[in-house]
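Me: I'd like a close look at one part of this model: the aromatic rings and what packs around them. Please keep it brisk.

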Amino acid sequence: PRRFAMRASPRYAEAMMMALLATLHAEPRWTVTVDPLTTAIGLLHLQVEQEIGPRFSLYLSPSLRFFDGILPGFNGPYVGLGAEAGLRFFFVGAAPEGGWFMWRGVAARLSTRNEASAGAYTSVLVGYTGIVGPGLVLSGGAGLSYFDYGVESYGIHGFAPALHTNVGWAF
């Protein structure tokens, strides 16, 4: 029997290898990050961000509150289940890396054993996101928040400083 063997030319193999390497080294368009500072105040967020153009990115995240954190006024025996969304405008660099202005908003259902209510907060910040090496994301920013996030006599209401710290991976 006659056997057929497929043999790629050296040029074809080189072109395929170059295409694979270009894909592996493409500019990142997505990030997945956690915010250690937000976790320290008692909120758990896992932010999934996507570039939506050279100057903009959008992120979505669950917003969960199950434990007390380092801010006494924010603490209490209540649970928060919600979502966070943020939009960044990159004035330096290109999304998702560079200097940015950000708006973010959180809406949640807050509850104790006796009562439930809606809670929300919003922030405007300025900051910078860097991507180190093959994809390590480090991000930080500062700004102003407005909170209406509480149930019964627990929670926080009014203006407060906003801080942003994120660590994660870009791809």
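Which ring does the charged end of Arg65 sit over, and how far is that charged end from the ring centre? Please go on from there to the ring pairs and the cavity.

Reply: This is a predicted model. The ring is that of Tyr78, and the charged end of Arg65 sits over it, 3.9 Å from its centre. A second arginine is placed over a ring too: Arg88 lies over the face of Trp100, at 4.9 Å from the ring centre. Both distances fall within the 6 Å limit for a charge over a ring.

Now the ring pairs. The count comes to 9 aromatic pairs. One of them is Phe74 with Tyr149. This pair is stacked, with 5.4 Å centre to centre and 15° between the planes. The angle is under 30 degrees, so the pair counts as stacked. Phe74 lies in the loop between strand S3 (56–65) and strand S4 (79–90), while Tyr149 belongs to strand S7, so the pair ties together parts that are 75 residues apart in sequence. Phe74 is buried, at a relative accessible area of 1%. Tyr149 is buried as well, at 0% relative accessibility.

Another pair joins Tyr146 and Phe159. Its geometry is edge-to-face: 5.0 Å centre to centre, 65° between the planes. Here the angle is over 60 degrees, so the pair counts as edge-to-face. Tyr146 lies in strand S7 and Phe159 in strand S8 (residues 154–170), so this contact ties together parts that are 13 residues apart in sequence. Tyr146 is partly exposed, at 38% relative accessibility. Phe159 is exposed, with a relative accessible area of 63%.

Strand S7 thus holds one partner of each pair: Tyr149 and Tyr146. The Phe74–Tyr149 contact also belongs to a wider group. Ring pairs link Phe74, Tyr121, Phe147 and Tyr149 into a cluster.

Last, the cavity. A search of the whole structure finds 1 cavity of 30 Å³ or more. About 30 Å³ of space lies in it. Its lining includes Arg88, the residue that lies over the face of Trp100. The other lining residues are Thr31, Thr33, Glu49, Thr129, Val137, Ser139 and Asn166. Strand S1 (30–34) and strand S7 (136–151) are the elements that give two or more residues to this lining. By class, the lining has 1 nonpolar, 5 polar and 2 charged residues. Strand S7 therefore appears in both parts of the picture: in the ring pairs, through Tyr149 and Tyr146, and in the cavity lining.

Methods: Residues numbered from 1 in each chain as written. Predicted model: local features only at pLDDT ≥ 70, side-chain atom pairs only at ≥ 80, totals over all residues. Heavy atoms only, no water. 1 Å grid on protein atoms, 1.4 Å probe; cavity = no way out; pocket = protein on both sides within 12 Å on 5 of 7 lines; lining within 4 Å. Points joined across faces, edges and corners; volume = space filled by probe spheres on them. Helix = DSSP H or I, 4+ residues; strand = E, 2+ residues; numbered from the N terminus. Nonpolar A, V, L, I, M, F, W, Y, C, P; charged D, E, K, R; others polar. Phe/Tyr/Trp six-rings, centres within 6.5 Å; stacked < 30°, edge-to-face > 60°. Buried < 20%, exposed > 50% of the residue type's maximum accessible area, 1.4 Å probe, protein only. Lys NZ or Arg CZ within 6 Å of the ring centre and 35° of its normal.
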